[in-house]
Amino acid sequence: MPSIASRALPFAAAVFLILTLAGQPAVAHAAGESSSSVSDNSTAMADACAAELIGSYNQGFHIGGLFIVLAASGLGIFGTFLLGKVQSLTLANILQLCKMFGIGVIAGTAWIHLLPDAFSQFGSPCLDARFQSYGPSFVGVFGLMAAFTVQLIEMGIMGSTPSADKSTPVASPVKLDHESHASHDHHVHHETGLHTTDVAGRDVCETDPHSHGRSEKETAVMLLEAGILFHSLIIGITLGVTADDGFKTLLVAVCFHQLFEGMALGVLIGNLQLRDWTKTLLCLLYPLTTPIGIAIGIGVHDSYNANSGTLVLTQGIFNSLSAGILFYNTYTELMSEEISHNHSFRKFQPIFKAACFLALYCGAAAMAVVAVWA
């Protein structure tokens with residue numbers, strides 16, 4: 001009598017054969033769907049990375065916008081720079097608030113404008129496959145490279161700058177009463193409930209053991225400006241290629257953006273111990289950069305493809321580098337040196353100190369509002 005196994009074997013073989021034959025059409029259909037899906041995805045990606053059609057483009061309107069941005073940028077940076085030369089205690093306190101507002105603007109630019117744009121660009125499907133494999137993590141790579149480079153440059157300058165003679169006596173804060181004003185031969189000093197300062201808004205002969213030397217301070221401001229200029233150039237190109245329907249809104253947002261950043265840079269450059277012509281040259285670089293970007297955008301708008309892999313990569317790298325520079329300078333140079341470790345700031349009256357922090361937060365909030373359009 002045949003065993004159960006010998007009787008079940010032909011039955012199992014028959015079932016297996018039936019299932020195999022029945023499954024072949026399904027497998028073929030699934031394979032067809034898979035290849036079709038890959039083809040559809042490739043087509044969709046090609047469409048997403050194709051050049052977008054530009055709407056109506058009024059070149060004269062864009063050229064006029066170039067000069068409007070130039071005026072707004074120049075007003076921001078030269079306004080605070082020139083005000084710093086006026087001998088007035090009230091203006092000195094106003095400039096202090098402008099500086100705090102500017103620090104908030106720079107921090108907001110890094111966090112709200114540069115960083116999200118860089119993540120978006122390195123997450124673009126139009127990038128080369130080599131960059132897509134690591135994707136948005138490249139933002140951190142290039143940002144850290146920029147921050148580390150800034151630190152190395154500062155360390156190199158500190159190493160090449162002769163250290164101060166340790167035997168030199170430390171200057172004590174200068175406190176002058178109102179009778180001594182007339183007899184002072186160089187600056188007119190005021191001591192108020194806010195802080196001891198000269199009429200140009202500079203701290204009066206007070207040594208801060210945590211402050212950097214003059215060379216390091218100059219380098220920090222120059223590198224900060226370099227990071228802002230990278231960003232300004234990209235903004236200008238973007239504005240220059242924008243069609244008429246979105247140009248007006250973007251133009252207004254960029255003008256406010258440039259005005260606020262310019263106010264911050266003007267105060268910082270004005271406080272540097274450099275010759276006037278050098279500081280003027282540093283101030284000139286800022287208002288010229290965005291209009292140069294706009295001019296480039298106007299020149300290439302016919303052939304411009306915002307979805308080009310090379311362009312997206314370039315913008316992503318520039319935004320990441322700028323974010324790294326601004327992050328480093330905002331926290332190690334501006335907030336640390338101007339607030340946390342600044343003896344003069346700690347001597348402000350509580351109400352003025354609160355006003356300074358409010359200006360700081362308002363600067364960051366202003367950039368958050370501008371980010372709605374730009």
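**Aromatic pairs and nonpolar cores**

In this predicted model, the count comes to 15 aromatic pairs, where rings of Phe, Tyr and Trp (its six-membered ring) pair if their centres lie within 6.5 Å, with planes under 30 degrees apart counted as stacked, over 60 as edge-to-face and the rest as tilted. The pair formed by Phe122 and Phe142 is stacked, because the ring centres are 5.9 Å apart and the planes lie at 15°. This pair links distant parts of the chain, with Phe122 in helix H3 and Phe142 in helix H5, 20 residues apart (helices are DSSP runs of H or I of at least four residues, numbered from the N terminus). Both residues are buried, that is, under 20% relative accessible area with a 1.4 Å probe and protein chains only. Ring pairs also join Phe122 and Phe142 with Phe131, Tyr134 and Phe138 into a cluster.

The largest nonpolar core (buried Ala, Val, Leu, Ile, Met, Phe, Trp, Tyr and Cys residues joined through side-chain atoms within 4.5 Å) holds 56 residues, of which Met100, Phe260 and Leu326 touch the most other members. Among the elements that give two or more residues to this core are helix H2 (59–83), helix H7 (244–270) and helix H9 (309–340), while the largest share, twelve residues, comes from H3. A second, separate core of 13 residues includes Val69, Phe247, Val254 and Ile294.

Residues are numbered from 1 along each chain as its sequence is written. Local features need pLDDT of at least 70 and side-chain atom pairs count only at pLDDT 80 or more, whereas totals for chains, interfaces and linings use all residues, and side-chain values use heavy atoms, with hydrogens and water left out.

Conventions
Buried < 20%, exposed > 50% of the residue type's maximum accessible area, 1.4 Å probe, protein only.
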